[in-house]
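Please find below my notes on the model you sent. They deal with one helix, one strand end and the nonpolar core.

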Amino acid sequence: ASTDWAALVSKFTTAKANIKVGLKLTGSKVSTLQTCLAEQLTKQGIQVQEASSDIDMIIHGKVSMAKAGYVLGSHMVRADMNIRINNIENGKTIAAFSERVKVGRPRIAQSQQLAVSKLCDRVIPQLVKKIQESFTR
């Protein structure tokens with residue numbers, strides 16, 4: 001098992017462009033978030049394969065949104081993003097991350113859009129950094 005990990009880490013650290021990552025996000029408002037995650041990964045030189053089985057690892061993610069009350073004229077929405085990175089070769093989980101944001105706006109749709117923006121602008125860059133760190137630990 002440590003040999004598989006070492007080979008994957010070696011592949012990542014010697015040439016990021018050689019590692020191929022698949023993305024599979026499900027849940028609320030995922031098309032925007034999947035695009036945002038793909039953009040952040042490719043900016044780091046990581047190949048993203050969204051419609052291919054020729055990958056080294058896959059990032060599975062689930063995004064959920066729920067009403068979280070009504071405060072001072074704002075509909076509060078809680079957005080949760082749970083991410084797992086799996087090695088395709090052996091199916092083992094390499095890393096797992098969970099992030100949550102809570103926002104409020106006068107309308108539910110506005111709150112949902114703000115939650116997506118916060119996940120994309122603040123959370124996804126942190127997740128990409130954690131993903132990179134998971135390869136070098």
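The numbered points below take these topics in turn.

1. Basis. This is a predicted model, in which local features need pLDDT of at least 70 and side-chain atom pairs pLDDT 80 or more, while totals for chains, interfaces and linings use all residues. Residues are numbered from 1 along each chain as its sequence is written, and side-chain values use heavy atoms, without hydrogens and water.

2. Helix α2. Helices (H or I, at least four residues) and strands (E, at least two) are DSSP runs numbered from the N terminus. The end C-alpha atoms of α2 (residues 30–43) are 20 Å apart, which agrees with the 20 Å expected for 14 residues at 1.5 Å a residue; the expected span is 1.5 Å times one less than the number of residues. Its buried residues (under 20% relative accessible area, 1.4 Å probe, protein chains only) are V30, L33, Q34, C36, L37, A38, Q40 and L41. Just after α2, G45 has a positive phi of about 85 degrees.

3. N87. This residue lies in strand β4 (residues 74–87). N87 counts as buried because its relative accessibility is 7%. Its side chain reaches the backbone nitrogen of E89 at 2.8 Å.

4. Core. The largest nonpolar core (buried Ala, Val, Leu, Ile, Met, Phe, Trp, Tyr and Cys joined through side-chain atoms within 4.5 Å) has 34 residues, of which L33, I59, M81, I85 and L119 touch the most other members. At least two residues each come from β1 (20–27), α2, β3 (57–71), β4, β5 (93–105) and α3 (108–136). The largest share, nine residues, is supplied by α3.

5. L119. Beyond its neighbours within four places in sequence, L119 is in contact (heavy atoms within 4.5 Å) with L33, V63, A79, M81, V101, I124 and P125.

Conventions:
Buried < 20%, exposed > 50% of the residue type's maximum accessible area, 1.4 Å probe, protein only. Polar contact = N/O pair within 3.5 Å; in protein donor to acceptor, adjacent residues only side chain to side chain.
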